[in-house]
Amino acid sequence: MEEPVGGRRRPRLVSSLALGQRAWEVTLEWERGLLSWRDPQPRRRGGNCFVPASEIIAVEETDKKCTSGKWEKMAKPHAFTVYYVKRAQKHRWRCREVTFWCIDEQLCNQWIQALKELLELQKSRPKQLLVYINPYGGKRQGKRIYEQKVAPLFSLASISTDVVITEHANHAKDNLFEVNVYKYDGIVCVGGDGMFSEVMHGLIGRIQKDSGIDQNNPKAPLVQNNIRIGIIPAGSTDCICYATVGVADPVTSALHIILGDSQPLDVSSIHHNNAFLKYTVSLLGYGFYGDILKDSEKKRWMGTIRYDFSGFKTFLSHHYYEGTVSFLPAKPTLGSPRDKNRCRTGCYICSHSKQQLEEQQNYGSEHNEDEEEDWKVIKGKFLAINAVNMSCACPRSPKGLSPAAHLADGSIDLIIVRKCSRFSFLRYLVRHTNQDDQFDFTFVEVYRVKKFQFTSKHLEDNDSDVKDIGKRHFSQFCSDHPTCCCTLSNSIWNCDGETLDSLAVEVRVHCQLIKLFARGIEENSNDEAIYC
Ligand SMILES: CCCCCCCCCCCCC/C=C/[C@@H](O)[C@H](COP(=O)(O)O)NC(=O)CCCCC
Ligand SMILES: Nc1ncnc2c1ncn2[C@@H]1O[C@H](COP(=O)(O)OP(=O)(O)O)[C@@H](O)[C@H]1O
Ligand SMILES: [Ca+2]
């Protein structure tokens, strides 16, 4: 039965179709983009199901041979299956299916046609993707995860893919400078944070090159692009996936890609002496996290537990580092790292930053904040300097290094952990795993900033031009603790899981430079009352 609604162009489609052994009233509302099916006998429980068109994965005519015995008893059954997103526990998504049947072939075709037309209206969905798989990331399961869990879903959603299995580090990055990236709706990386970082560097670098932007110029306004990056988690920490989706789960990520989700993301650029070093989207950490990464890279053979091993070892070594941190605070309108509110899907602070960014771009009003505002300077001895563009939530720390950090507000949370006792540092670390406030310590400071710089004391002491490269790695016994064996040496930077060796860095955030196939972490995401 077709019924025009209020004189609107597209009529609502309402039919009595069989689901299992019973007849259901199935409705497709074009205006609301909603598929629903209702048990006409209300005394039965759980009889109402709603699926927004934006969450339908695919619609297919159902092959009669594949169905159970009940079909064979019918003269000429016709059926179609709707695949849709089902929310499960802890931000996981799953692909569910429902098969409706009837004896009228024309009615069945009408439904298939209508649902396919509705899917065609979902304009943000990708049709062509370029996929890079790191076969050696995490537990070395990247290829299997992609082939068994992700490729069948992409194929169901009629997404065509070009797949590259990387043969060496930087393969994906170099490849992105060679291929025609513009023919793809998105790039998918199968791996961990390091693999994401490689793909991001390739994509941002390629866009800047094609736009004539010199990445070495720290003041250059970087060019955005609409090619989204999808992350299929298959690494060791998978923090970028976890902090943007709410879970590190390959099927969930594949479904976010299929639905064409879009989550803008801040990217910070790291320079020194007018030379571009790297970009970062999650953690840029000197001291503790740099040392863990440096040690763990030598232990890749251990697999994912290398981080636990190196983490314990680095904790025991209790190294601290001297230097100067200077930073430009962000405007108070961007909130504070001590806020109770979290960045979630449709975040107000990130949306407001987007508006401001658009106004800036329209009026070309990028004013020089350095001259207008005060830089703050902190000199001292630090166990860790962590700059995070997002919460850095991950399975090890579900609330992350800075729980109130925002994905797309154009600011960095700068966490400074001053030298303290091992016991105090342990208390600080433990608070990353429970509900207590990890910033409520006298030796921890946290600031929301736009830009920051760090210079190691060794570089300051040895003149700004380091003449003797050997001095970069010298170390001496700690004069304060002659018996504890902690050394005063240089650390390295942990830059989204990639090592970066630089005694001084200048870091600046680029608001919403890239987009991911994600939507941020959903609030109350497994609300059974709304979805079937
Ligand atoms: C006594 C219990 C202490 C527990 C402390 C837990 C604190 C964990 C915070 C983790 C933050 C992680 C930030 C993300 C880092 C990743 O980018 C990086 C590379 O990831 P991948 O490429 O997927 O391997 N991972 C790390 O640097 C590992 C940090 C591990 C810290 C124990
Ligand atoms: N085929 C390959 N062989 C070796 N290294 C690779 C390959 N492909 C990518 N890499 C590099 O592996 C590093 C770690 O990858 P990632 O997927 O993040 O795994 P993990 O989370 O275990 O660190 C990245 O620096 C990436 O550049
Ligand atoms: Ca941010």
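**Exercise 1. Which helix gives the largest share of the shell around ligand 1, and which domains does this ligand lie between?**

*Solution.* We work with a predicted model.

Step 1: Start with the helices. H5, H8 (288–297), H9 (306–317) and H12 (422–430) each supply at least two residues of this shell. The largest share, three residues, comes from H8.

Step 2: Look at the nearest residues. Of the 27 around ligand 1, those that come nearest are Gly192, Gly235, Ser236, Thr237 and Gly497.

Step 3: Sort the shell by class. You should find eleven nonpolar, twelve polar and four charged residues.

Step 4: Turn to the domains. Domain 2 (124–262 + 517–523) and domain 3 (269–361 + 371–511) both give residues to the shell, so ligand 1 lies between them.

**Exercise 2. Describe the surroundings of ligand 2.**

*Solution.*

Step 1: Ligand 2 is surrounded by 21 residues, and the closest are Gly137, Gly191, Gly192, Gly194 and Gly235.

Step 2: By class, the shell has 13 polar, four nonpolar and four charged residues.

Step 3: Helix H5 (residues 193–210) provides the largest share, four residues.

**Exercise 3. Where do the buried residues of helix H2 sit around its axis?**

*Solution.*

Step 1: Find the buried residues of H2, which are Cys108, Trp111, Leu115 and Leu118. They cover an arc of only 95° around the axis, so they lie on the same side of H2.

Step 2: Recall the helix geometry. An α-helix has 3.6 residues a turn, so residues three or four places apart point the same way.

Step 3: Check the other face. Turned away from the buried side, it carries the exposed residues Glu105, Gln106 and Glu120.

Step 4: Ask what covers the buried residues. The cover includes strands S2 (12–19), S3 (22–29), S6 (56–61), S7 (78–87) and S8 (93–102).

Conventions: Residues numbered from 1 in each chain as written. Chains lettered and ligands numbered in written order. Predicted model: local features only at pLDDT ≥ 70, side-chain atom pairs only at ≥ 80, totals over all residues. Near = placed C-beta within 6 Å. Nonpolar A, V, L, I, M, F, W, Y, C, P; charged D, E, K, R; others polar. Buried ≥ 20, exposed ≤ 12 C-beta atoms within 10 Å, placed from the backbone. Arc of directions from axis to C-beta. Contact = placed C-beta atoms within 7 Å. Domains from an automatic or database assignment.
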